[in-house]
Amino acid sequence: MKSKEMAGECARVLMLGVGGYGHHYIEGLRALRAAGEAKLVAIVDPAVEQAMDWPELKALGVPVFTSLQAFLGASLEVDLAVVATPISFHADHSCALLEAGINVLCEKPIAATAAEVERMRAARDASGQFLEIGYQWSFSETMQNLKADILKGIYGKAEQLSTRVAWPRPQSYYSRNNWAGKIYNGQGRPVYDSPVNNATAHFLQNMFFMLGPSAELSATPTRLAAECYRANPIENFDTACIKIETLEGPPIYFYTTHAVEANDGPVFSYQFETAEVRYRLGGDVVAYLKDGSTKNYGDPESTHMRKLESCVRKCLGGTQSSATSSVEAASAHTYCVEALQDIPVHALAEEFVAKKQVNPGDTLRYIPGMEAVLKSAFDQNKLFAELNLPWAVDAATKVEVLMPDHGIEYSACGAYI
């Protein structure tokens with residue numbers, strides 16, 4: 001089949017959800033439209049008029065549908081659908097689009113549950129279309145180049161990977177919809193919302209991705225120990241520290257919180273036999289080798305919408321190249337998130353929580369000194385209870401992560417096995 005690129009055409013894009021994070025996709029489409037590579041041909045959003053981009057979209061005359069069913073009944077032709085709807089709808093929307101013969105870029109995380117992930121995998125395989133998951137660091141040239149060097153073994157075996165992220169979120173963050181901070185949404189569907197599954201999900205997934213046995217795969221988590229806390233009056237947790245064991249060998253440590261006074265991170269340290277790869281938000285990813293030399297991979301945040309550009313160009317090329325952020329790669333994160341729901345969530349006593357007004361009528365609840373706690377735990381590769389904090393509860397139970405076997409061969413696969 002002749003590619004659209006050869007025919008001088010552009011990719012026709014459908015947007016599901018233009019509010020919230022969907023705004024960033026609208027910005028990305030604006031640039032692709034200006035370059036003649038893509039055009040927005042339809043929107044599915046029941047509350048489109050509340051989106052900050054609505055005046056521009058209305059002026060463009062883009063058809064708007066209040067449901068995916070209504071769009072599918074209109075028989076409009078599209079090449080790529082971007083699913084930027086709430087987490088609990090990712091599976092239903094992606095599967096329906098794939099079954100309709102439409103390629104899909106689904107925003108992270110892939111889905112709320114492992115069962116939904118497997119349904120999406122089956123729908124992709126049956127459709128013959130592609131399904132990419134919007135973990136932007138997986139598409140980043142910075143991370144792609146780093147992973148290529150890891151797979152070549154130039155830094156030797158991976159020893160451990162650690163990341164910390166402290167992003168404060170006030171009361172308004174948890175009241176903005178019917179699922180923020182909840183285990184189930186207003187319709188009783190699993191959402192497992194937490195910093196691990198939403199705001200900071202990218203940075204946990206990136207550690208899995210860096211340890212994957214091939215360019216398109218992630219590491220396989222096998223067991224985890226975690227401490228989960230809440231300083232806010234929510235169902236799920238707003239603070240967590242996790243140690244994850246992997247089939248590939250190296251442990252993964254992840255520290256994240258919204259109950260913090262100041263913004264910090266992400267900061268990571270990926271340790272190998274002959275180098276430590278470090279990053280702090282606003283800087284570059286740099287490998288510091290034991291021989292004193294360095295290798296700079298650049299800023300992974302510099303190409304935020306490369307995921308959209310990549311999927312548009314895959315449509316233009318008319319060929320089914322291998323996935324960049326595949327279902328298989330993204331599923332590691334979701335299987336871990338579901339396993340985390342078996343960890344008790346400890347509500348912090350009010351004596352350990354401080355409050356301050358960040359905007360009129362908007363309160364931030366935070367754990368005093370939490371920035372230093374995350375840094376200390378990160379530096380020592382310890383869970384919070386190991387720091388003898390007065391509010392911390394020992395993670396005595398380890399939870400199995402029951403990843404499916406998809407026939408991946410791990411023997412002699414990757415330099416760190």
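In what order do the six strands of the open sheet run, and with what kind of pairing? In this predicted model, the order is β3-β2-β1-β4-β5-β6 and the pairing is parallel. Beyond the sheet, the structure holds 15 aromatic pairs, and the largest pocket contains about 1,300 Å³ of space.

**The sheet**

- The edges of the open sheet are formed by β3 (64–65) and β6 (131–134), each of which pairs on one side only.
- Strand β1 (residues 11–16) runs parallel to strand β2 (residues 38–44), and the two are joined by six bridges.
- Across the strands, leucine 14 stands opposite alanine 42, a residue of β2.

**Aromatic pairs**

- Among the 15 aromatic pairs of the structure is that of tryptophan 167 and phenylalanine 203, whose ring centres are 5.6 Å apart and whose planes stand at 90°, so the pair is edge-to-face.
- Because tryptophan 167 lies in the loop between β7 (158–166) and α8 (171–174), while phenylalanine 203 belongs to helix α9 (residues 201–210), this pair ties together parts that are 36 residues apart in sequence.
- Tryptophan 167 has a relative accessibility of 15% and therefore counts as buried, and phenylalanine 203 is also buried, with a relative accessible area of 5%.
- Tyrosine 173 and tyrosine 174 have ring centres 5.1 Å apart and planes at 90°, so their pair is likewise edge-to-face; both of these tyrosines are buried.
- Ring pairs also link Trp137, Trp167, Phe203, Phe268, Tyr270 and Tyr279 into a cluster.

**Arginine 176 and its rings**

- The charged end of arginine 176 sits over the ring of tyrosine 173, at 4.2 Å from the ring centre.
- That charged end of arginine 176 also sits over the ring of tryptophan 179, where the distance to the centre is 5.4 Å.

**The largest pocket**

- The largest pocket, with about 1,300 Å³ of space, is lined by 49 residues, of which Gly19, Gly20, Tyr21, Ala84 and Trp179 are the closest to its centre.
- Two or more residues of the lining come from each of the elements α1 (22–34), α3 (68–73), α4 (90–99), α6 (136–139) and α9.
- By residue class, the lining of the largest pocket divides into 22 nonpolar, 21 polar and six charged residues.
- Trp179, one of the residues closest to the centre of the largest pocket, is also a residue whose ring lies under the charged end of arginine 176.

Definitions and conventions:
Residues are numbered from 1 along each chain as its sequence is written. This is a predicted model: local features need pLDDT of at least 70, side-chain atom pairs count only at pLDDT 80 or more; totals for chains, interfaces and linings use all residues. Side-chain values use heavy atoms; hydrogens and water are left out. Rings of Phe, Tyr and Trp (its six-membered ring) pair if their centres lie within 6.5 Å; planes under 30 degrees apart count as stacked, over 60 as edge-to-face and the rest as tilted. Helices (H or I, at least four residues) and strands (E, at least two) are DSSP runs, numbered from the N terminus. Buried means under 20% relative accessible area, exposed over 50%, partly exposed in between (1.4 Å probe, protein chains only). A charge sits over a ring if NZ of Lys or CZ of Arg is within 6 Å of the ring centre and within 35 degrees of the ring normal. On a 1 Å grid over the protein atoms alone, a cavity is a set of points where a 1.4 Å probe fits but cannot get out, and a pocket is an open set with protein on both sides within 12 Å along at least five of seven lines; lining residues have an atom within 4 Å of a point. Grid points are joined across faces, edges and corners, and a volume is the space filled by probe spheres set on the points. Ala, Val, Leu, Ile, Met, Phe, Trp, Tyr, Cys and Pro count as nonpolar, Asp, Glu, Lys and Arg as charged, and the others, Gly among them, as polar. Two strands pair if DSSP finds at least two bridges between them.
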